[in-house]
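Hi there,

Here is the structure I promised to pass on to you. Have a look at it first, and then read my notes below with the picture open beside you.

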Amino acid sequence: MKYNFRKYEDKDYNFIYELKKNAYKKYVEEIWGEWNDEKQHLFFDNYIAQQKDRIKIIVIDGTDIGYFDDKADENNYEVVNIIVQPEYQGKGIGTQILKNVIEENRNKDIDIQCFLTNPVVYLYKRLGFVEYEKTNTHIKLKMKALENNKTMNQ
């Protein structure tokens, strides 16, 4: 499926909050025992304040279907979030976005993480990311610039 990005606008706040809630609530409850909307909104407000200029809404055929955000400097690139609505999952959209990220950042180390029990880790590993740290809550993975170039040249 062909996707496009558009910039985050204030009207997207509830859309993104609900996407994050639907995607992460299960993992938050597994780790911390409950999803507290009041606390989560405080975390989310901080997140929006820090990342809103880097948030891209994923659009297919004029429909908002997810969002993506990142952080970057001259040597490193981090995928912060990539969330697609459930009805659009399994169609290769997230995979294509990640492949494009790898291609566009081939000269940088690329970091990504997920909750411990999130099966998306298998996609990340299939694309060439290597686990380098496991915390009490997350698995952190990296694709080194050199490996990134090899992966994309195969």
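F129 sits in the loop between helix 4 (120–126) and strand 6. Please keep in mind that this is a predicted model. Is F129 buried or exposed? Its relative accessibility is 3%, and buried means under 20%, so F129 counts as buried. Setting aside residues up to four places away in sequence, F129 touches I102, I110, I112, Y124, L141, K142 and M143. You can check one of these partners, L141, by distance: 12 residues separate F129 and L141 in sequence, and their C-alpha atoms are 5.7 Å apart in space.

From there, move on to strand 6 (residues 130–134), where you will find Y132. Y132 has 44% relative accessibility, which means that this residue counts as partly exposed. If we leave out its neighbours within four places in sequence, Y132 is in contact with D111, K140, L141 and K142. L141 and K142 are thus among the contacts of Y132 and also among those of F129. As for D111, it is 21 residues from Y132 in sequence, with 9.9 Å between the two C-alpha atoms.

Next, the two helices at the start of the numbering. How do helix 1 and helix 2 cross? The axes of helix 1 (residues 13–32) and helix 2 (residues 37–51) come within 11 Å of one another, and the crossing angle is roughly 120°. That angle makes helix 1 oblique to helix 2. The crossing of this pair is right-handed. Which residues bring them together? On the side of helix 1 they are Y13, I16, Y17, K20, K21 and V28, and these meet D37, Q40, H41, F44, D45, Y47 and I48 of helix 2. Sorted by character, the residues of this contact comprise 7 nonpolar, 2 polar and 4 charged.

Helix 2 also holds F43. Is F43 buried or exposed? With a relative accessible area of 53%, F43 is exposed. That makes a nice pair to look at: F129 is buried at 3%, whereas F43 is exposed at 53%. If you want a distance to try out in the viewer, F43 and E9 are 34 residues apart in sequence and 19 Å apart in space, C-alpha to C-alpha.

Between helix 1 and helix 2 there is a loop, and G33 has its place there. G33 counts as exposed because its relative accessibility is 57%. Counting along the sequence, G33 and N118 are 85 residues apart, while in space their C-alpha atoms are 16 Å apart.

Another loop worth a visit joins strand 2 (56–60) and strand 3 (63–72), and D61 lies in it. What is the sign of the phi of D61? D61 has a positive phi, about 50°, although it is not a glycine. To see why that caught my eye, remember that most residues other than glycine have a negative phi. D61 has 77% relative accessibility, so it counts as exposed.

Finally, step back and look at the whole chain. How many helices and strands does it have? There are 5 helices and 7 strands, and they follow one another along the sequence as β-α-α-β-β-β-α-β-α-β-β-α. The C-alpha trace spans about 45 × 40 × 30 Å along its principal axes. For 154 residues, a compact globule would have a radius of gyration near 15 Å, and the chain has 16 Å, which agrees. Of those 154 residues, 42% count as buried. Among the contacts with a separation of 6 or more, 57% are between residues 24 or more positions apart.

Have fun exploring, and write back with any questions!

Best wishes

Technical notes. Residues numbered from 1 in each chain as written. Predicted model: local features only at pLDDT ≥ 70, side-chain atom pairs only at ≥ 80, totals over all residues. Heavy atoms only, no water. Axes fitted to C-alpha atoms, helices over the stretch in contact; angles between N-to-C directions. Helix = DSSP H or I, 4+ residues; strand = E, 2+ residues; numbered from the N terminus. Parallel < 35°, antiparallel > 145°, perpendicular 65-115°, else oblique. Left-handed = near helix turned anticlockwise from the far one by under 90°. Contact = heavy atoms within 4.5 Å. Nonpolar A, V, L, I, M, F, W, Y, C, P; charged D, E, K, R; others polar. Rg over C-alpha atoms; globule rule 2.2 N^0.38 Å. Buried < 20%, exposed > 50% of the residue type's maximum accessible area, 1.4 Å probe, protein only.
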